[in-house]
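Work through the exercises below with the model open beside you. Each task is followed by a solution in steps.

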Amino acid sequence: MSEQRAHPYRVDPDRLAGAADEPLFRAVAEEARVHGIPAFAIGGYVRDRLIDRPCKDIDFVVEGDGIAFAQAVARRLNAGQVHVFKNFGTAMFRWQDMDIEFVGARRESYRRDSRKPQVEPGTIRDDQERRDFTINALAISLEPGSVGALVDPFGGLLDLGQGIIRTPLDPDTTFSDDPLRMLRAVRFATQLGFTIDPICFSSIKRNAARLEIISAERIHTELNKIIAAPKPSIGFILLLESGLLEHFLPEMIELLGAEEKDGIGHKDNFYHTIQVLDNVAGQSDDLWLRWAAILHDIAKPRTKRFEAGHGWTFHGHEDKGARMVPGIFRRLKLPLDNKMRKVQNLVALHLRPIALTKEEVSDSAIRRLLFDAGDDLEALMVLCKADITSKNEKKKKRYLSNYELVMRKLAEVEEKDRIRNFQPPVTGEDIMAAFGIPPSRPIGDIKTTIKEAILDGRIRNDRAQAWELMKEEGAKLGLELKPGFEVPPPDR
Ligand code: CTP
């Protein structure tokens, strides 16, 4: 991606002024002086401070034993417990709401087949050059004589000002040290609105397949950060163009392209999808709703048909798409709990509100949507609105006002019938007690009949009416009502 983007951050080196007088930095500088060990604040904290972005982690590098140094600083600050990670040579503690981490400067060499580094002690420069990007390799000196000075051997300050993601070393080397960094390049470009340097981007294209050695957890952590950015489409276009996307979400590549037959085309579902994602991102920070936007049309390529005289159809893509969600989540090691179920539910239901705008809406259809959407209703409505990507302003306006109508109707019916978070007005225990029967098939059948009757509007969602229906259904099944159960017992 050589095209330079305007980014919203202004770099100001004066933001480092005063650092030397802050208690944490004073304590580190004091330890550095007493023990004659060069120490530096480094990485994301320095980057974020220069562009005035909030940051809660501060990393320090010392040219010596990072663990012993951390313990000395923690004592000086009266900080809490120091957690030591011997294998990594790091130690961390919390101080005033911040995570403070220390590590000894290292030279690392990696073998091509593994991320496991061979580590030797090194200088601050060794440490900086093995970091991912110049903007992440900036350091603040806490060495006697230069406390508070920026240490910037790779032009990170300039890159930060110009909004450029560039590696300190030859990108092939930096990415082969840790291929996840290719995804991190896209993540920082998306979060910060920066541009990936063209040489760096070419290297990503060349090395994209190296993502294979990276765990699904590390991949989804970066991916989720891209999705959580203000304009995630920037990231997805970069993922597509770099060749990274096909290695972890190939289903999205299938969305690409607009076929034409008999002069009839359909929209490019990849670009439609990322537009929907941006639209959702403008309305909600909910990561799982954003995932639903990504996956809402995921089964379109697999359900696509051309029907002569009618055009392109994607019948059933919402159900097939919902069925694809668990496989995708499992592969990416994303949670398989209610978060995944929410994504599935939203994908499955994303056409329902549209269907409700097309015809005279019955209360029963509204009740069924309320029942099926439950707690996901607001998210569903955000998704459906976001799904309107028509360029035709008139059409768009009409769709949106139809939505307002459906929303009002949903609110009215819910107010009256309380269908969301539906709790059966007659429970399985009620049915067992009323007919004196053990757990068995008729109980489920009677409960379903009652639920259907409520959703269809044949009875109200209340206990008295449900009880009458239970009696009728029981009689049909040859069940005998126990004495005293003609009306529902009050003590539920
Ligand atoms: N780093 C690296 N290669 C990686 C991961 C991290 O070189 N694969 C370095 C970078 O210098 C980075 C620092 O370690 O700045 C801390 O990493 P991390 O906490 O993941 O990123 P931050 O830059 O702090 O950004 P954020 O907090 O937004 O994740």
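The domain bounds used here come from an automatic or database domain assignment. The model is predicted.

**Exercise 1.** State into which domains the chain is divided.

Solution. Step 1: read the bounds from the N-terminal side, which gives domain 1 (13–164) and domain 2 (170–248). Step 2: continue along the chain to domain 3 (268–417) and domain 4 (428–476). Step 3: take a distance between two of these parts; the C-alpha centres of domain 2 and domain 4 are 55 Å apart.

**Exercise 2.** Find where the ligand lies with respect to the domains.

Solution. Step 1: list the surroundings; the ligand has 13 residues around it, and the closest are Arg47, Asp132, Asn136, Asp178 and Arg181. Step 2: assign the shell to domains; domain 1 (13–164) and domain 2 (170–248) both contribute residues, so the ligand lies between them. Step 3: look at the space itself; the ligand takes up the largest pocket.

**Exercise 3.** Describe the shell around the ligand by helix and by residue class.

Solution. Step 1: helix H2 (44–50) and helix H7 (180–192) each provide at least two shell residues. Step 2: H7 gives the largest share, four residues. Step 3: sort the shell by class, which yields nine charged residues, three polar ones and one nonpolar.

**Exercise 4.** Which polar atoms of Gly44, Asn136 and Arg184 lie by an oxygen atom of the ligand, and how much of the ligand is covered?

Solution. Step 1: start with the backbone; a polar backbone atom of Gly44 is 3.2 Å from a ligand oxygen, and one of Asn136 is 2.9 Å from a ligand oxygen. Step 2: turn to the side chains, where a polar atom of Arg184 lies 3.0 Å from an oxygen atom of the ligand. Step 3: on its own the ligand has 560 Å² of accessible area, and the protein covers 74% of that.

Terms used. Residues are numbered from 1 along each chain as its sequence is written. This is a predicted model: local features need pLDDT of at least 70, side-chain atom pairs count only at pLDDT 80 or more; totals for chains, interfaces and linings use all residues. Side-chain values use heavy atoms; hydrogens and water are left out. A residue is near a molecule or strand if one of its heavy atoms lies within 4 Å of it. A polar contact is a pair of N or O atoms within 3.5 Å; within protein, one must be able to donate a hydrogen and the other to accept it, and residues adjacent in sequence count only if both atoms are side-chain atoms. Accessible areas come from the Shrake-Rupley method with a 1.4 Å probe; for residues, only the protein chains shown count as cover. On a 1 Å grid over the protein atoms alone, a cavity is a set of points where a 1.4 Å probe fits but cannot get out, and a pocket is an open set with protein on both sides within 12 Å along at least five of seven lines; lining residues have an atom within 4 Å of a point. A molecule sits in a cavity or pocket if more than half of its atoms lie within 2 Å of its grid points. Ala, Val, Leu, Ile, Met, Phe, Trp, Tyr, Cys and Pro count as nonpolar, Asp, Glu, Lys and Arg as charged, and the others, Gly among them, as polar.
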